[in-house]
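Here are my notes on the model. Keep the structure open beside you as you go through the points.

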Amino acid sequence: GNIRHRVALVAENTKGGVGGDVVLPEGLRWKVSQYRTWCSRGGFSIDGDAPMFISRISRRISIRRVQQVWKAAQAKAGIDRPYRMHALRHYFATTVYSVTKDIRLTQVAMRHQSVSSTMVYTHVSNAAVEKAVERAF
């Protein structure tokens with residue numbers, strides 16, 4: 001019944017067959033808890049293996065449908081150059097690194113085996129480069 005702090009990923013459902021844990025921040029756990037309450041009141045299943053989101057015909061939403069919704073949301077928001085879903089991983093990695101300044105911690109959060117993969121995902125802003133140069137001199 002409680003939303004867990006860490007969620008174990010099943011290896012066969014992940015890219016590269018690498019399982020592991022994902023940490024859910026408190027704000028997200030609270031939102032999922034509120035959503036589950038809403039689902040329960042609406043008569044939707046909240047069992048552990050039940051899908052979180054279902055289609056109009058009461059089936060799991062496909063990956064393709066999630067991509068379509070993401071693209072439509074960006075268009076509605078007026079984003080001229082839409083980003084693919086994968087860009088969210090880059091955003092996540094960059095944000096974790098910019099907050100922690102710890103590439104190893106970012107590597108673990110991304111569930112990468114190699115820190116070099118993590119470095120590809122993290123992007124340094126022009127402002128961060130300028131700030132570092134100013135501090136150096």
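1. Start with the ring cluster. Tyr-35, Trp-38, Phe-44 and Phe-53 are linked into a cluster by ring pairs. Bear in mind that this is a predicted model. Across the whole structure, a search finds three aromatic pairs.

2. How are the rings of Tyr-35 and Trp-38 arranged? They are stacked, with 5.9 Å from centre to centre and 25 degrees between the planes. Planes under 30 degrees apart count as stacked, so the angle of 25 degrees qualifies. Both residues belong to helix H1, which covers residues 26–41. They are three residues apart, about one turn of the helix. The general rule helps here. An α-helix has 3.6 residues a turn, so residues three or four places apart point the same way.

3. Now take Tyr-35 with Phe-53. Their ring centres are 5.3 Å apart and the planes meet at 45 degrees, so this pair is tilted. Which parts of the chain does the pair tie together? Tyr-35 is in helix H1, while Phe-53 is in the loop between H1 and helix H2 (63–76). The pair therefore joins parts that are 18 residues apart in sequence.

4. Check the accessibility of these rings. Tyr-35 is partly exposed, at a relative accessible area of 25%. Phe-53 is also partly exposed, at 47%. Trp-38 reaches 53% and is exposed. The cut-off for exposed is over 50%, so Trp-38 passes it and Phe-53 does not.

5. Next, the length of H1. The helix has 16 residues, and at 1.5 Å a residue it should span 22 Å. Its end C-alpha atoms are 23 Å apart, which agrees.

6. Look around the axis of H1. Which residues of H1 are buried? They are Arg-29, Val-32 and Cys-39. These buried residues cover an arc of only 80 degrees around the axis, so they lie on the same side of H1. The other side of H1 carries the exposed residues Glu-26, Trp-30, Lys-31, Trp-38 and Arg-41. Trp-38 thus appears twice in these notes: in the ring cluster and on the exposed side of the helix.

7. Just after H1, check the backbone. Gly-43 takes a positive phi there, of about 85 degrees.

8. One last contact involves a charge and a ring. The charged end of Arg-89 sits over the ring of Tyr-121, 5.3 Å from the ring centre.

Terms used:
Residues numbered from 1 in each chain as written. Predicted model: local features only at pLDDT ≥ 70, side-chain atom pairs only at ≥ 80, totals over all residues. Heavy atoms only, no water. Phe/Tyr/Trp six-rings, centres within 6.5 Å; stacked < 30°, edge-to-face > 60°. Helix = DSSP H or I, 4+ residues; strand = E, 2+ residues; numbered from the N terminus. Buried < 20%, exposed > 50% of the residue type's maximum accessible area, 1.4 Å probe, protein only. Lys NZ or Arg CZ within 6 Å of the ring centre and 35° of its normal. Expected span 1.5 Å × (residues − 1). Arc of directions from axis to C-beta.
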